[in-house]
Amino acid sequence: MLSIRLPDGSLVEHPEHATAHDVALAISPRLAVAAMGAVVNGTVVDVMRPLAEVTDERPIPVELLMEKDPRSLGILRHSCAHIMARAVMRLWPGVELAFGPTTGQGYYYDISCPHKISEDDFPRIEAEMQNIVDAGEVFERFICDRTEALKLVEGMDQKLKVEHINTGLASHPTVSFYRQGNFVDLCRGPHVPDAKRVKAFKLLSIAGAYWKGDASGKQLQRLYGTAWFSQKDLDAYLDQVNEAKRRDHRVLGKQLGLFTISQEVGQGFCLWMPKGAMIRSILEEFIKKELVKLGYQPVYTPHVARVELYETSGHFPYYRDSQFAPLFGHDGGQLVDFWIRKLRANDLTSEQEMHLLASAKLTGADLSDFPSNGSNEEKIETLRKWEKQQERYLLKPMNCPHHIQIYKAQHRSYRDLPVRLAEFGTVYRHEQSGELNGMLRVRGLTQDDAHLFCTAEQVEEEFRSTIELVRFVLASVGLDDYRIQLSLRDPASDKYAGPPEMWEKAENTLRKVLKDSGLPSSERAGEAAFYGPKLDFMVRDCIGREWQLGTVQLDFLLPERFQLEYVGADNHVHRPVMIHRAPFGSMERFTGMLIEHFAGAFPLWLAPEQVRVMSISDKFEEYARQVEARFRTAGFRVSADLRGTKINAKVRDAQVELIPYMLVVGGKDQENGTVSVRDRIEGDLGAMPIDQALAKLQEEVTERRIRQVSDKKFQQFDDQASEANEY
């Protein structure tokens, strides 16, 4: 018999082959019908999967998942991905399946299809999906050994699955499949019990993709969709999606002249146009003033540095795949760098190596001591020795190693600490072209970066101060709906540097700071930086979407790697602690998010053009210019529309351009020294003396007043963790 522990701590006994369905059935038949899945010792599984094969833990912890549990949505959506793939295969014979994971709010499936799918095909696909749902066939899991699995997928003419079993799953002695009627797919699961559990779904978009993300691989079609447990939830989500399209920063950025991306400059590199640059400049000056009050010191660092700097920090080669290739002073540098990577991957034949050796000689690289008959390790050591004799540079991926060198340039005493260094530093990441997204995902980004060097005793107070700074920044732009995520290491992963006791100390320090602050937070393992835990501010915008913006990180590792020191009160040398912090995150992402949050209608203090003066006719042009000069002298960003067009057309243009205030001047205004004030939100406010209008607008700027971001309340949807259910 199996001993099962339920969430309330009670223990129940079941036969050896019991499933979560059996556990539910023993409690209540209605519960067994309602269960969508189960969590067995931390693993989400089907309700029909034998519990004993999931874990060796005894008693087995089992939690049943119902429709209202957010974790059930991931199961539902993956099942819907299978239903979608099956529908496409019914409509167009010859389809090959790649991968079909879930995403934050839905799912996708990468397919090779002889028919080029377009949005015009969505109604047909959805109708076929509904037929599959109505049939209500069950999802059945079964296991095959490698030989059986290959025979099965070869028989189905699924060439991509054959390749994946031979390569990606080469170390797996067995693999699992799911059958639904006559549809079979290689899959880890889990799935809902049957297709009728899928109550509401919608196809969203179609895009291009590559097999396993390799641009040199087979080109595929990526079909996106979403699924929900009720039509009401689906409708609310689609309402949010449509509103998000209306607020798309890429569209608004072009319409309002905020930024552009030129293919001649390169994908992923934002060109800030004058209006967008004005918004960025305002944000930068705003936080610079606060940093001066808090004792930060400004620094500037170059855009490139020696590779060795990032090797010491660990950023290279740890983030190698998302960095631009190193720059070499020797023509053979790139060749040798490529050679080393191929050797490390054990992906080089003797013939290929002979060609590389010959090519290296052509570049003038002296590799006369290269051990052609040696081991890969000996070859790498020789190539690395040559490489280290050359100049190697890297486009800056992070600012922290540079700030560390500034700290290290002077003798430091405990009396000097904390040292707070701040920079709007531009860094570079070689993001995949398919992942680029306007200002939100770029290749060149400017961080409002700062690094604090302090004593162990100062850590808690400095960390609290940085948290308050992030909260102040978010409040200043009206972002008060957020949660704090404590991002921790995953003890089972090898991606984190430093000893476990260092991590425990850092994580416990952050837990204490959060507890003392009284701020609500949640913990998430596996999301820490490689050098330390961090606090991430997860912010909701006005339509309910969640964004990761400000971040504060604690770091005991880099001071050790760079041998940072200060002399303590005991006259002994000590190691400082580092805090990394960026309230905005990056200027590009933060501004892109604000464009969408405000739908381009920025509050008065942030608007690139705050006021537009409009003359009713040419007769009042001189007075309009005087009003414009008064507001400009008072510090407002103002322009004058003196065209000979009707005033209604001028007002309409200003409304379209989302100008916060319009000042209309005519005969009575000129006689009385007034302006007729028109508010973008409230409309006509009537005539006011110029001084009164100036005072009204100045008060709104000083308070950084946020008056309106949306006239509609949207349902909030939490992103679900993406799952690679397809192995």
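How many helices and strands does the protein chain have? The protein chain has 23 helices and 32 strands, where helices (H or I, at least four residues) and strands (E, at least two) are DSSP runs numbered from the N terminus. The model is predicted, so that local features need pLDDT of at least 70 and side-chain atom pairs count only at pLDDT 80 or more, while totals for chains, interfaces and linings use all residues. Residues are numbered from 1 along each chain as its sequence is written, and side-chain values use heavy atoms, with hydrogens and water left out.

The C-alpha trace of the protein chain spans about 95 × 70 × 60 Å along its principal axes. Of its 727 residues, 52% count as buried, meaning under 20% relative accessible area with a 1.4 Å probe, protein chains only.

Attention now turns to one sheet. This open sheet of 8 strands has mixed pairing and follows the order β15-β19-β20-β27-β24-β23-β21-β22; two strands pair if DSSP finds at least two bridges between them. Its edge strands, β15 (297–298) and β22 (521–525), each pair on one side only. Within the sheet, β23 (residues 534–540) and β24 (residues 546–555) pair in the antiparallel sense over 6 bridges, and R540 stands opposite E546 in β24.

Two helices pack on this sheet. Helix α16 (residues 459–476) touches β19, β20, β21, β23, β24 and β27, contact being heavy atoms within 4.5 Å. The direction of α16 makes about 160° with that of β24; axes are lines fitted to C-alpha atoms, for helices over the stretch in contact, and angles run from 0 to 180 degrees between N-to-C directions. Helix α17 (residues 500–517) touches β21, β22, β23 and β24, and its direction makes about 160° with that of β21.

How values were computed. Buried means under 20% relative accessible area, exposed over 50%, partly exposed in between (1.4 Å probe, protein chains only).
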